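Please open the structure in your viewer and keep the sequence panel beside it, since each stop on this tour asks you to select something and then look around it.

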Amino acid sequence: YTGGEKKPSIYLYKADKKEATSILSTINPSYILTTDRLTYFVSEDKKGEVVTLDKQYGPIFVTETNGSDPCHLSMDDQYRYLVVTNYTSGSFIVLLLDTKGVPNKGKFFVQHEGKGENPDRQAGPHCHSSCFSEDNNVLFVADLGTDILYYYDISEKSIEVVKENCVKIPNSGPRTVCRGKKGDKTLLLSCELDNTIRIMSYADGPLNCMAAYKVSSNPKNYPSEIAYCNDEVYFA
């Protein structure tokens, strides 16, 4: 974070030389997503923006997110959509990508409602992350403020929440959701407020928790990012 000022804040680290070089000055970049074509990052500020970079890491397009403090990006496997979750305003936007991967316009915008039981952290909705199902027909959205992992049917024509397939996990603070092992129809979910990581299943349709693991007894541990790679789960 840059304290709301435009400063050198995105760095390129070269492992062979063990050195990092600033490649861009911007405001509060909090999440970066790279593909074989382009790179994207969010500017986590009151006026949310997602910036598209070319292969030389030069900015080529800036898109407003229609919300405050965007904090996460996800993309479907077919490179059709870029999803941006706006933390403070509790919303998310699905941006349509052109043939080059540039998010030239908004496709869908969804505003969450509700709150959780923690008055300091859950006075309203806080969309924190999203991911697509393996067939790219379902979008999962983790909302820290409402304690809900949402299930959305998504197509080129519409996005609809399937309420009976969503799951509420009281006092958990769902933060980051990602896909698990290929073919299993499972998700990994880090929960910031109760210091757990969970394995969720959507194999039978509705989301359900298969297992929950306490990762710390420290109430301020706040597990954040989580990922699955080579049959192992990594989290921070």
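The tour begins with the whole chain, goes on to two hairpins and several loops, and ends with a strand residue and the cysteines.

**The whole chain**

Bear in mind throughout that this is a predicted model. Show the chain as a cartoon and colour it by secondary structure: there are 21 strands and zero helices to be found. If you switch to the C-alpha trace, its extent along the principal axes is about 45 × 45 × 35 Å. The radius of gyration is 17 Å, and because a compact globule with 236 residues would have a value near 18 Å, the chain agrees with that expectation. Now add a surface, which comes to about 11900 Å² of accessible area, with 49% of it belonging to carbon and sulfur atoms. Of the 236 residues, 50% count as buried. Among the contacts with a separation of 6 or more, 39% are made by residues 24 or more positions apart.

**Two hairpins**

Select residues 7–14 and 19–26, which are strands β1 and β2; they run antiparallel and are joined by seven bridges. Within this pair, P8 of the selection faces S25 in β2 across the two strands. Four residues separate β1 from β2 in the hairpin, and in that turn K18 has a positive phi of about 50°.

Next go to residues 226–229 and 232–235, where β20 and β21 are likewise antiparallel, with four bridges between them. Here I226 is placed opposite F235 in β21. Two residues lie between the strands of this hairpin, and N230 takes a positive phi near 50°.

**Loops with a positive phi**

Select D69, which sits in the loop between β6 (59–64) and β7 (70–75). Its phi is near 55°, a positive value in a residue other than glycine. Is D69 buried or exposed? D69 has a relative accessible area of 18%, so it counts as buried.

Then move to N195, in the loop that connects β17 (186–191) with β18 (196–201). Phi of N195 is near 55° and therefore positive, although the residue is not a glycine, and at 3% relative accessibility N195 is buried.

**Q122 and R80, two further loop residues**

Select Q122 in the loop between β10 (103–111) and β11 (127–132), and display its side chain together with the surrounding residues. Its relative accessibility is 1%, so Q122 counts as buried. Which residue offers its backbone oxygen to a polar atom of the Q122 side chain at 2.8 Å? The backbone oxygen at that distance is the one of L144. Leaving aside neighbours within four places in sequence, the residues in contact with Q122 are K115, G116, E117, L144, G145, D147, G173 and L193.

For R80, look in the loop between β7 and β8 (81–86). A distance drawn from the C-alpha atom of R80 to that of L95, a residue 15 positions apart along the chain, should read 8.5 Å. L95 is also one of the residues in contact with R80, alongside L96, L97, N136 and E156, once neighbours within four places in sequence are left aside.

**H72 in strand β7**

Return to strand β7 and select H72, which lies in it. At 5% relative accessibility, H72 is buried. Show the side chains of H72 and Y31, and you will find a polar contact of 3.5 Å that joins them. Beyond Y31, the residues that H72 touches, not counting those up to four places away in sequence, include V42, V83, V84, T85, H128, S129 and S130.

**The cysteines**

Finally, select C191 and C209 and show their sulfur atoms. How many disulfides does a search of the whole structure find? The search finds zero. The sulfur of C191 has its closest cysteine sulfur in C209, and because the two are 8.0 Å apart, they are too far from each other for a bond. C209, whose nearest cysteine sulfur is that of C191, is in no disulfide. As for their surroundings, C191 has 0% relative accessibility and so counts as buried, whereas C209, at 38%, counts as partly exposed.

Note on methods:
Residues numbered from 1 in each chain as written. Predicted model: local features only at pLDDT ≥ 70, side-chain atom pairs only at ≥ 80, totals over all residues. Heavy atoms only, no water. Disulfide = S-S within 2.5 Å. Buried < 20%, exposed > 50% of the residue type's maximum accessible area, 1.4 Å probe, protein only. Polar contact = N/O pair within 3.5 Å; in protein donor to acceptor, adjacent residues only side chain to side chain. Contact = heavy atoms within 4.5 Å. Pairing = 2+ DSSP bridges. Rg over C-alpha atoms; globule rule 2.2 N^0.38 Å. Areas by Shrake-Rupley, 256 points an atom, 1.4 Å probe, with all protein chains shown as cover.
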